Amino acid sequence: NEIHFLFECCLYGDLRNTWLTNLCNINTNFNNLSLENKLKFMFENCARNTAKYVVNCFNRRKEVIFSK
């Protein structure tokens, strides 16, 4: 599901840390937001940054799948 993909999957941990650091720099209260408000903030205020994260994750996924 989307929550696992964005916030939990260990395959993307390093990418996620970079992305979340950027979000926290924009909104220092980001970590204290509810999940619903995090999603709202991400897509309303950081759509480009979030899109780059998603593309990077899909590229990582493709590398893992096709390297076998």
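## From an exposed serine to a shared core

S67 is exposed, with a relative accessible area of 60%, and it sits in the segment after α4. Keep in mind that you're looking at a predicted model. From S67 we'll go to the pairing of α2 with α4, then to the core, and finish at N27.

**S67, out in the open**
- Exposed over here means a relative accessible area over 50%, so S67 with its 60% makes the cut.
- The side chain of S67 still has partners: it reaches the backbone oxygen of E63 at 3.0 Å and the backbone oxygen of V64 at 3.2 Å.
- Try picking out S67 and N49 together: they are 18 residues apart in sequence, and their C-alpha atoms are 27 Å apart in space.

**α2 and α4, side by side**
- Two packed helices are described by the angle between their axes and by how far apart those axes are.
- For α2 and α4 (residues 47-66), the axes come within 10 Å and cross at roughly 175°.
- An angle over 145 degrees counts as roughly antiparallel, so that's the label for α2 and α4.
- On the α2 side, the contact is made by D14, L15, R16, W19 and N22.
- On the α4 side, look for N49, T50, Y53, N56, C57 and R60.
- It's a mixed bag chemically: the residues of this contact divide into 4 nonpolar, 4 polar and 3 charged.

**The largest nonpolar core**
- In soluble globular proteins, nonpolar side chains tend to be buried together.
- Here, the largest nonpolar core has 16 residues, and the ones touching the most other members are L6, Y12, W19, L23, F30, M42 and Y53.
- The elements giving two or more residues to this core are α1 (2-8), α2, α3 and α4.
- Which of them gives the most to this core? That's α2, with 5 residues.
- W19 is a good one to click on: setting aside residues up to four places away in sequence, it touches L6, F7, M42, N49, T50 and Y53.

**N27, tucked into a loop**
- You'll find N27 in the loop between α2 (13-26) and α3 (35-45).
- Is N27 buried or exposed? Its relative accessible area is 18%, and buried means under 20%, so N27 counts as buried.
- A polar atom of the N27 side chain lies 2.9 Å from the backbone nitrogen of N29.
- Leaving out neighbours within four places in sequence, N27 is in contact with L33 and F41.

Note on methods: Residues numbered from 1 in each chain as written. Predicted model: local features only at pLDDT ≥ 70, side-chain atom pairs only at ≥ 80, totals over all residues. Heavy atoms only, no water. Helix = DSSP H or I, 4+ residues; strand = E, 2+ residues; numbered from the N terminus. Buried < 20%, exposed > 50% of the residue type's maximum accessible area, 1.4 Å probe, protein only. Polar contact = N/O pair within 3.5 Å; in protein donor to acceptor, adjacent residues only side chain to side chain. Contact = heavy atoms within 4.5 Å. Axes fitted to C-alpha atoms, helices over the stretch in contact; angles between N-to-C directions. Parallel < 35°, antiparallel > 145°, perpendicular 65-115°, else oblique. Nonpolar A, V, L, I, M, F, W, Y, C, P; charged D, E, K, R; others polar. Core = buried A, V, L, I, M, F, W, Y, C linked by side-chain atoms within 4.5 Å.
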